[in-house]
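Morning, everyone. Please have a look at the structure on the screen, and then I'll walk you through it.

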Amino acid sequence: MAKINDYYQKKQLMEKLAAELEQLEKDQALKGELEFENKVRALMKEYDKSPKDVLQILSAIDPSVSGGKADSTAGSRPKRPMKTYKNPHTGEVVKTRGGNHKTLNEWRQKHGKEAVQSWQQD
């Protein structure tokens with residue numbers, strides 16, 4: 001019986017989606033966007049250009065279009081600064097770029113987060 005329930009639920013969902021799709025197809029704004037998309041695709045085909053080529057052209061016109069990921073020469077985000085911690089009890093020094101360091105975590109458990117933070121050196 002579970003399969004028949006699943007069948008009817010999916011059938012209702014399809015009917016609901018079909019009604020929503022029909023409403024969207026009547027929307028003038030969507031029609032305009034679809035027409036624009038078709039014209040852009042036709043131009044890309046006519047000039048043998050890929051979407052990547054179009055994005056490069058658009059980013060040359062307006063740099064805010066690139067979104068940061070289109071340009072592979074931009075590189076990744078900058079590295080975090082190196083932080084140095086010196087344990088005053090043992091004299092041990094830890095250098096890390098992140099806060100999830102094994103030794104730092106052990107110190108935090110033993111001495112407390114604020115105490116370990118105060119051991120940071122510039």
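Let's begin with a definition. An angle of 65 to 115 degrees between two axes counts as roughly perpendicular. Keep that in mind. One more point before we start: this is a predicted model.

Now, the helices. Two packed helices are described by the angle between their axes and the distance between the axes. Take helix α1, residues 2-26, and helix α2, residues 28-46. Their axes come within 5 Å. They cross at roughly 75 degrees. So α1 and α2 are roughly perpendicular to each other.

Which residues meet there? From α1, we have L24, E25 and K26. From α2, we have Q28, L30 and K31. Sorted by class, this contact has 2 nonpolar, 1 polar and 3 charged residues.

Stay with α2 for a moment, and look past its end. D48 sits in the loop between α2 and α3, and α3 covers 51-61. The phi angle of D48 is near 50 degrees. That is a positive value, and D48 is not a glycine. Is D48 buried or exposed? The cut-off for exposed is over 50% relative accessible area. D48 has 68%, so D48 is exposed.

Next, the aromatic rings. How many aromatic pairs are there? The count comes to 2. Start with Y7 and Y8. Their ring centres are 5.2 Å apart. Their planes stand at 70 degrees, so this pair is edge-to-face. How open are these two tyrosines? Y7 has a relative accessible area of 48%, which makes Y7 partly exposed. Y8 is at 47%, and Y8 is partly exposed too.

The other pair is W107 with W119. This pair is also edge-to-face, with 5.6 Å from centre to centre and 70 degrees between the planes. The two tryptophans come from distant parts of the chain, 12 residues apart. W107 belongs to helix α4, residues 102-111. W119 lies in the loop between α5 (113-118) and β3 (120-121). Both W107 and W119 are buried.

That brings us to the core. In soluble globular proteins, nonpolar side chains tend to be buried together. Here, the largest nonpolar core has 6 residues. They are Y85, V94, L104, W107, V116 and W119. So our tryptophan pair turns up again.

Look at Y85 in that set. Leaving out residues up to four places away in sequence, Y85 touches core members V94, L104, W107, V116 and W119. Its other contacts include E92, T96 and Q120.

Next door in sequence is T84. T84 is in strand β1, residues 83-86. Its relative accessible area is 16%, so T84 is buried. Beyond its neighbours within four places in sequence, T84 contacts V93, V94, K95, W119, Q120 and Q121.

Last stop: back to helix α4. T103 is in this helix. T103 has a relative accessible area of 17%, so T103 is buried. Among residues further than four places away in sequence, T103 touches E92 and V94.

N105 is in α4 as well. Buried or partly exposed? At 28% relative accessibility, N105 counts as partly exposed. N105 touches G99 and N100, again setting aside residues up to four places away. And what about Q117? The C-alpha atoms of N105 and Q117 are separated by 11 Å, and the two residues are 12 apart along the chain.

That's the tour. Thanks for listening.

Definitions and conventions: Residues numbered from 1 in each chain as written. Predicted model: local features only at pLDDT ≥ 70, side-chain atom pairs only at ≥ 80, totals over all residues. Heavy atoms only, no water. Axes fitted to C-alpha atoms, helices over the stretch in contact; angles between N-to-C directions. Helix = DSSP H or I, 4+ residues; strand = E, 2+ residues; numbered from the N terminus. Parallel < 35°, antiparallel > 145°, perpendicular 65-115°, else oblique. Contact = heavy atoms within 4.5 Å. Nonpolar A, V, L, I, M, F, W, Y, C, P; charged D, E, K, R; others polar. Phe/Tyr/Trp six-rings, centres within 6.5 Å; stacked < 30°, edge-to-face > 60°. Buried < 20%, exposed > 50% of the residue type's maximum accessible area, 1.4 Å probe, protein only. Core = buried A, V, L, I, M, F, W, Y, C linked by side-chain atoms within 4.5 Å.
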